[in-house]
Protein chains: 2
Amino acid sequence: MPTTLKEIAEKINVSVSTVSKALKGYADVNPETKKLILKTAKEMNYKPNSFAVNLRTKESKTIGLIVPEIVHHFFSSVIKGIIAQAEKKGYLVIILQSNESYELEKKQLELLQNKRVDGILVSIANGTSKFDHFKEVIDNDTPLVMFDKIAKIIDCSKVIIDDRKAAYEATKYLIEIGCKKIAHFRGPLLPQNSIDRFLGYKKALEDFNIPYDSKLVYVLNDVSFEEGKYYAKKLVEEHKNVDGIFVNTDLVAIGAITAFNEMNIKVPEDISIVGFSNWFMSTVVSPSLTTINQPGFKMGKEAFKVLYKEIKAKKKNEKFRYKKVVLDTDLIVRNSTKPILKS
Amino acid sequence: MPTTLKEIAEKINVSVSTVSKALKGYADVNPETKKLILKTAKEMNYKPNSFAVNLRTKESKTIGLIVPEIVHHFFSSVIKGIIAQAEKKGYLVIILQSNESYELEKKQLELLQNKRVDGILVSIANGTSKFDHFKEVIDNDTPLVMFDKIAKIIDCSKVIIDDRKAAYEATKYLIEIGCKKIAHFRGPLLPQNSIDRFLGYKKALEDFNIPYDSKLVYVLNDVSFEEGKYYAKKLVEEHKNVDGIFVNTDLVAIGAITAFNEMNIKVPEDISIVGFSNWFMSTVVSPSLTTINQPGFKMGKEAFKVLYKEIKAKKKNEKFRYKKVVLDTDLIVRNSTKPILKS
DNA sequence: CTGAAAGCGCTTACAG
DNA sequence: CTGAAAGCGCTTACAG
């Protein structure tokens, strides 16, 4: 059985209050008494009972995190960043995954609230089109920060990249190297980031006077390697002369590259491909993938920082203005893209 | 402010005890009273205060997990398995990472114990050579299960694969396809699994009458992509006619393949390579990597199952016999290996 | 079937 | 400087 304050108090004949105050470093304790208490606590290997502390202070120094998927280069980088930053501030992190499902996401959010975590970080599932479960969290007065996959409609702090701008850059690059017929493998219809990436693609075409053709846009469902292969084949069947593709996510782009390799279509000679997110395996695939670098680790750190500020503000009963943090991205040119020579 | 039992009790003029018993489904409550209590609790959106429940029941329905690294295909798969299984049983998971450091591992273990988690799952850091911090956990009466990277010397439950056997199979396969001079990129000196993989490699050589040459064994430090490249180059500089390599981990094997590609050494024609773990990117690299499949998700589920049993046993004050679960692996043949034609 | 009481282990306002 | 007391919100053994 772990040592309690009471046991320390009895051992040296002082009161529990005094022991508590001494251990917490309060000033109004006789230095001699304090010394003895500290010594005894150490000898008895005293560790505060966190259950009791939680109950008294109404905080658990624990936050909850919901991601759509854990086995995922980007999200695992974010998780790492969150845990690292949380640890610095003495917080622990409970992690749950929604598996891109609205129902699960809702359930996980309830689990975390019932657990009375001090705050929640969430990246929204692809399957989510209603957002009342997030409203409840906010009404419930639990600090909430969304990152990467956010809901525009919900008023809370957010840490994101500028997906539209990044997608614009990616598409613009394809145009600049000479691509004339550029397809887009876009993410599912609901998530804000796949909408924004699509809009960035479309805007770039417009700005450079390339007619937008909705038939060149394929909507992914699983956002998987297999889907990349599938739509690469489909694209080749359905269209001639496509010379560039901007793909919503690296994993899918790598599927596409694999399919083209199998079909003996040369990347980048016959077709240039740009991915999104800069997964590690993009450096390893052949040809290596040109992509947009999305700073996962940093996003995790920033997301926790914002949440932490909100938790502190709440504790002090201060008003908190929701923050919106937009992180920089950049285009990383590798071997899946190549300037088209004029003939 | 969340509703409390007291508020419900006052509203309908019964005692707190009765409300508590009704909500917990105890039999000795008048059905009418019970009905009213349940209805009122629902109306008032009552959720038990988990801090109070923890304090009373002395359990938090939370476990701790320490992995060496989160951004890692194998470990993220294990994490996913643990969380999935834990959730089924109503447990939440706090995740920490040791970054392969002994100091950090020790610190994280203390954090989790101070938090009074109901149990701890851990995969040991490469930097760990002393194991007293684990002994403390056990003496402290906190259920502990090690998975994948374990300490032989510590008496606790373990969930592993048979690394020696798997490495033996990998090396044997290289021998069977005709390799005569087989190198090994082994993991760091401390972790049990890199020792076992090395021993499996050595045993296979012996059994098939290939002389063991310690100069053909390179010891990895970071177990990274870069190290794979580095040692592949070094191997070529230092030895002629090496026709096979068994590599401790896929990531390193992929680094080696990349280096060989750059040096215009043909894999598998000039040299066959077998990795270990079956990371997703092994299907994507060119040539795709022959490797040992290591079931991460399943390992996670099994690790939680064993821990759960131990937690239950402790709660009932039953004696618990530590379990050792050994999961199956299998060799997955891809394109980085190829039978050598007799000339 | 109901409720008063004790207690989990801590923190803190207050009296002395 | 010290300590008695109240209380966080719950559970449960016990009395009636």
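What radius of gyration does chain A have, and what would a compact globule of 343 residues have? Chain A has 26 Å, whereas a compact globule of 343 residues would have a radius of gyration near 20 Å (taken over C-alpha atoms, with the globule rule being 2.2 Å times the number of residues to the power 0.38).

This is a predicted model, in which local features need pLDDT of at least 70 and side-chain atom pairs count only at pLDDT 80 or more, while totals for chains, interfaces and linings use all residues. Residues are numbered from 1 along each chain as its sequence is written, and chains are lettered from A, and ligands numbered from 1, in the order in which they are written.

**Chain A as a whole.** Select chain A and show its C-alpha atoms, which fill a box of roughly 95 × 35 × 30 Å along the principal axes. In cartoon view, chain A has 12 helices and 12 strands (DSSP runs numbered from the N terminus, helices being H or I of at least four residues and strands E of at least two).

**The parallel sheet of chain A.** Next, select β7, β6, β8 and β9 of chain A, which in that order make an open sheet of 4 strands with parallel pairing (two strands pair if DSSP finds at least two bridges between them). β7 (217–219) and β9 (272–274) of chain A stand at the edges with a single partner strand each, so one side of each has no neighbour in the sheet. From one strand to the next the twist averages 15° (axes are lines fitted to C-alpha atoms, for helices over the stretch in contact, and angles run from 0 to 180 degrees between N-to-C directions). Strand β8 (residues 244–247) of chain A is joined to β9(A) by 3 bridges, the two running parallel, and A:Ile245 has A:Ile273 as its bridge partner in β9(A). Now add helix α11 (residues 250–263) of chain A, which packs on the sheet by touching β6 (182–186), β8 and β9 of chain A, with its direction at about 150° to that of β8(A) (contact requires C-beta atoms, placed from the backbone, within 7 Å).

**Between the chains.** Colour the two chains separately and select their contact, which takes 31 residues from chain A and 32 residues from chain B. On the side of chain A that touches chain B, two or more residues come from each of α4, α5 (73–88), β2 (92–97), α6 (102–114) and α11 of chain A, with β2(A) giving the largest share, 6 residues. That side divides into 17 nonpolar, 10 polar and 4 charged residues (Ala, Val, Leu, Ile, Met, Phe, Trp, Tyr, Cys and Pro count as nonpolar, Asp, Glu, Lys and Arg as charged, and the others, Gly among them, as polar).

Superposing the chains lays chain A on chain B with an RMSD of 0.0 Å, by a turn of 180° and a shift of 0.0 Å along the axis (least squares on the C-alpha atoms of residues with pLDDT of at least 70 in both copies). The two copies are therefore related as by a two-fold rotation axis.

**The DNA strands.** Turn to DNA strand C, where 25 residues lie around the strand and A:Thr4, A:Ala52, B:Ser15, B:Ser17 and B:Asn30 come nearest (a residue is near a strand if its C-beta atom, placed from the backbone, lies within 6 Å of it). Around DNA strand D there are 26 residues, of which A:Ser15, A:Ser17, A:Asn30, B:Thr4 and B:Ala52 come nearest. The largest share of the surface near DNA strand D, 5 residues, comes from α4(B).
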